[in-house]
Amino acid sequence: GSKKCDSRGALIVLEGLDRCGKTSQCSRLLSSLEKSGHAVESWRFPDRNTGVGQMISSYLANDSHLDDRAIHLLFSANRWEKRSLMESKLRSGTTLIVDRYSFSGVAFSSAKGLDMEWCKAPEIGLLAPDLVVYLEISPEQAAERGGYGGERYEKLEFQKRVAESYKTLRDATWKIIDATLPIEDVEKQLREIVMESVLTCGEGKPLSELWP
Ligand code: NYM
């Protein structure tokens, strides 16, 4: 018979509080995977380049006001509008490193007091990541790092609640890295964890959907 081997790229998600160092780690990881010859792209949510993304961006800049549930659904829609491209990239063998995903959606909105199950519902059916890496830092330490950019949510009291939400959300499959370690050490740990996941997906691990 025909042995099925659907080699594909890995869906890697990085999560964490604002100022945890996710964005620099994503770009370091991208160049290191590129250097070793992997097909890889770096994505981020919110993707501010789409129409929905522009509404989100103006909300985050405090240029517009939106109902908490309305903005939550826009963040989700912003992932839905990228879902089919995401799937075709993965199936064609490209690994995606994604800076924030549904977990940010749930953690930030539930930190406002919205019910967590309600927050999770619109994410059902999006692609499930093969790996979630949480860059852990206390809200206090994150706040000390060169200050926040002044966007909505970038306040110590709010970040404390986001940290609590992340704690509720995370499960045994998440990999936690101490984000207060030197940047090179975080990079090295991250690369090792990611390579393992890339390998498994290359061997034909099936794609699945949220919430597993
Ligand atoms: N954020 C991000 C949400 O509230 N919900 C989401 O679904 C996503 C993806 O947007 N403070 C928040 C977290 C951040 C803010 O993200 C902008 P970034 O990574 O700073 O561009």
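**Ligand shell**

I started with the ligand and counted the residues around it: 13 surround it, and the closest are Asp18, Arg48, Arg79, Arg100 and Gly105. I note here that the model is predicted.

I then asked which helices each supply at least two residues of that shell. They are helix H3 (68-80) and helix H5 (102-110). I recorded that H5 gives the largest share, three residues.

Next I went through polar contacts. A side-chain N or O atom of Asp18 is 3.0 Å from a nitrogen atom of the ligand. For Arg79 I noted a polar side-chain atom 2.8 Å from an oxygen atom of the ligand. Arg100 also places a polar side-chain atom by a ligand oxygen, at 3.0 Å. I then looked up the cover: on its own the ligand has 480 Å² of accessible area, and the protein covers 95% of this.

I also checked the pocket list. The ligand sits in the largest pocket.

**Arg100**

I came back to Arg100, since it is listed among the closest residues to the ligand. I found it in the loop between S3 and H5. Its phi is positive, about 75°, although Arg100 is not a glycine. I wrote this down because most residues other than glycine have a negative phi.

Is Arg100 buried or exposed? Its relative accessible area is 11%, so it counts as buried, the cut-off being under 20%.

**Strand S3**

From Arg100 I stepped back into strand S3, residues 95-99. I checked burial residue by residue. Five of the five are buried, so the strand is largely enclosed by the rest of the structure.

I wanted to know which residues lie on each side. In a regular strand the side chains alternate between the two faces of the sheet. In S3, Thr95, Ile97 and Asp99 are on one side, and Leu96 and Val98 are on the other. Both faces are covered, as these residues are all buried.

I then looked for the strands that pair with S3. Strand S1 (residues 11-15) runs parallel to S3 and is joined to it by four bridges. Within this pair I picked out Leu14, whose bridge partner in S3 is Asp99. Strand S2 (residues 40-44) also runs parallel to S3, with five bridges between them. Here I noted Val40 opposite Thr95.

**Strand S4 and its neighbours**

I followed the pairing from S1 to S4. These two strands pair in the parallel sense over four bridges. I noted Glu15 opposite Tyr134 in S4.

How many residues of strand S4 (residues 131-136) are buried? I found five of its six buried, and recorded the strand as mostly covered.

I went on to strand S5 (residues 175-178), which runs parallel to S4 and is joined to it by four bridges. The pair I wrote down is Leu135 opposite Ile177 in S5.

**Backbone geometry**

I looked up cis peptide bonds, given that most peptide bonds are trans. The bond from Phe45 to Pro46 is cis, with omega near 0°. I placed Pro46 in the loop between S2 and helix H2 (51-60).

A further cis bond runs from Leu210 to Trp211, where omega is near -10°. I placed Trp211 in the segment after helix H9 (183-202).

I also looked at Tyr153, whose phi is positive, near 85°, in a residue other than glycine. It belongs to the loop between helix H7 (139-144) and helix H8 (156-169). At 11% relative accessibility I logged Tyr153 as buried.

**Ser76**

My last entry concerns Ser76, which I found in helix H3, one of the helices that supply residues to the ligand shell. Its relative accessible area is 1%, so I logged Ser76 as buried.

What lies 3.3 Å from a polar atom of the side chain of Ser76? I found the backbone oxygen of Pro122 at that distance.

Key: Residues numbered from 1 in each chain as written. Predicted model: local features only at pLDDT ≥ 70, side-chain atom pairs only at ≥ 80, totals over all residues. Heavy atoms only, no water. Buried < 20%, exposed > 50% of the residue type's maximum accessible area, 1.4 Å probe, protein only. Pairing = 2+ DSSP bridges. Near = heavy atom within 4 Å. Polar contact = N/O pair within 3.5 Å; in protein donor to acceptor, adjacent residues only side chain to side chain. Areas by Shrake-Rupley, 256 points an atom, 1.4 Å probe, with all protein chains shown as cover. 1 Å grid on protein atoms, 1.4 Å probe; cavity = no way out; pocket = protein on both sides within 12 Å on 5 of 7 lines; lining within 4 Å. Sits in = over half its atoms within 2 Å of the grid points.
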